[in-house]
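Trainee: Could you take one part of this model and look at it closely? Then place it in the rest of the chain, please.

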Amino acid sequence: MRTSPEAPEWLAAYTAAERPDLWEKAVQDNVFEGVWPKYNLFGNQAARYFGELYPRFADTQILFIDERTGNPVARGQTIPFRWDGTLEDLPAGIDAVGLRGVEAAGEPSALSALAAEVLGEYKMEGLSRQIVAAMGEAARNRGLSAFVAPVRPFWKDWYPLTPIEKYARWKQDGGLPFDPWMRVHVRMGAEIVRPEPRSMEITAPVKDWQSWTGMVFPEDGDYVFPKGLAPLTITGGTGSYWEPNVWMRHPL
């Protein structure tokens, strides 16, 4: 797979179909495990669709390699899905699009981003933009008609009590989105399609939430927790959390 013209000269990109050996080694070595807050690894539905991305959709999974070292430095995970292009038919977030991608019959017509991961020491190299560009190329190469992303706003954990519908409307003075990750998408030509308050479900026993967050939840109620984009609701020994996202659509 090609990198975009502004990519660093040391950066190479390969789909999992092109280099299954590199993809499998990165998975085996858990290279990207530390990119996400711990709780984010335990979505109730996530294993169902993330578990089928490779080898089923190997041609739309992208791994970036630092050719100076031969090491993986970034990864883009996506899923093809059926979509008629209307707002009414757009799935209700990342869980819904993932499940549609693995369960719906017929040929997919669109590509959805699922995760864009960059290792810490490379975060200032502009690789997030490279991942998004490569996802768009993967959609074109597959002959799909649309490319969308359920964006996880980068600064939303600073404002967990603000509804995602309001947060998604916040702007800088120049009119660009307040959130830096949303700005990256807009600068690449994407438009905001719809905020999604119930995008990924994580419901688990309180003891698990205490382990993931380092907090104690003494009684039932709503709690703000580290790196959470919305409050956690504790009820009868169970913690329930819905991670919000913002659907954005890129031109192809």
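Mentor: What follows starts with one strand and works outwards.

This is a predicted model; local features need pLDDT of at least 70, side-chain atom pairs count only at pLDDT 80 or more, and totals for chains, interfaces and linings use all residues. Residues are numbered from 1 along each chain as its sequence is written, and side-chain values use heavy atoms, with hydrogens and water left out.

Take strand E9, residues 238–250. Helices (H or I, at least four residues) and strands (E, at least two) are DSSP runs, numbered from the N terminus. Two strands pair if DSSP finds at least two bridges between them. E9 pairs with E6 (residues 191–205) over 11 bridges, in the antiparallel sense. There, Glu-191 has Arg-249 of E9 as its bridge partner. E5 (residues 146–151) also pairs with E9, antiparallel, over five bridges. Ala-149 is bridged to Met-248 in E9. E8 (residues 232–235) runs antiparallel to E9 and is joined to it by three bridges. Here Ile-234 stands opposite Gly-239 of E9. E8 and E9 form a hairpin with two residues between the strands, and Gly-236 takes a positive phi near 55° in it.

Next, the helix that meets this strand. The buried residues of helix H3 pack against E9, and also against helix H2 (46–50) and strands E3 (71–81), E4, E5 and E6. Buried means under 20% relative accessible area, exposed over 50%, and partly exposed in between (1.4 Å probe, protein chains only). H3 covers residues 94–103 and is mostly covered, with seven of its 10 residues buried. Those are Ile-94, Asp-95, Val-97, Gly-98, Leu-99, Gly-101 and Val-102.

E4 (residues 110–118) is another of the strands that H3 packs against. Ala-110 lies in E4. Ala-110 counts as buried because its relative accessibility is 1%. Beyond four places in sequence, Ala-110 touches Ile-79, Pro-80, Phe-81, Trp-83, Leu-144 and Ala-146 (contact means heavy atoms within 4.5 Å). Arg-142 is 32 residues from Ala-110 along the chain, with 9.3 Å between their C-alpha atoms.

Now the cores. A nonpolar core is a set of buried Ala, Val, Leu, Ile, Met, Phe, Trp, Tyr and Cys residues joined through side-chain atoms within 4.5 Å. The largest has 42 residues, and Ile-62 and Phe-64 have the most contacts inside it. Helix H4 (residues 127–141) gives the most to this core, seven residues. Leaving aside neighbours within four places, the contacts of Ile-62 include Met-1, Trp-23, Ala-134, Met-135 and Ala-138. A second, separate core of 32 residues includes Tyr-49, Leu-99, Val-206 and Trp-247. Two of these tie back to the parts above: Leu-99 is a buried residue of H3, and Trp-247 falls within E9, residues 238–250.

Finally, the whole chain. There are seven helices and nine strands. The radius of gyration is 18 Å, close to the 18 Å that the globule rule gives for 252 residues, so the chain is as compact as a globular protein of that length. That radius is taken over C-alpha atoms, and the rule is 2.2 Å times the number of residues to the power 0.38. The C-alpha trace spans about 55 × 45 × 40 Å along its principal axes. Of the 252 residues, 48% count as buried. Among contacts with a separation of 6 or more, 73% join residues 24 or more positions apart.
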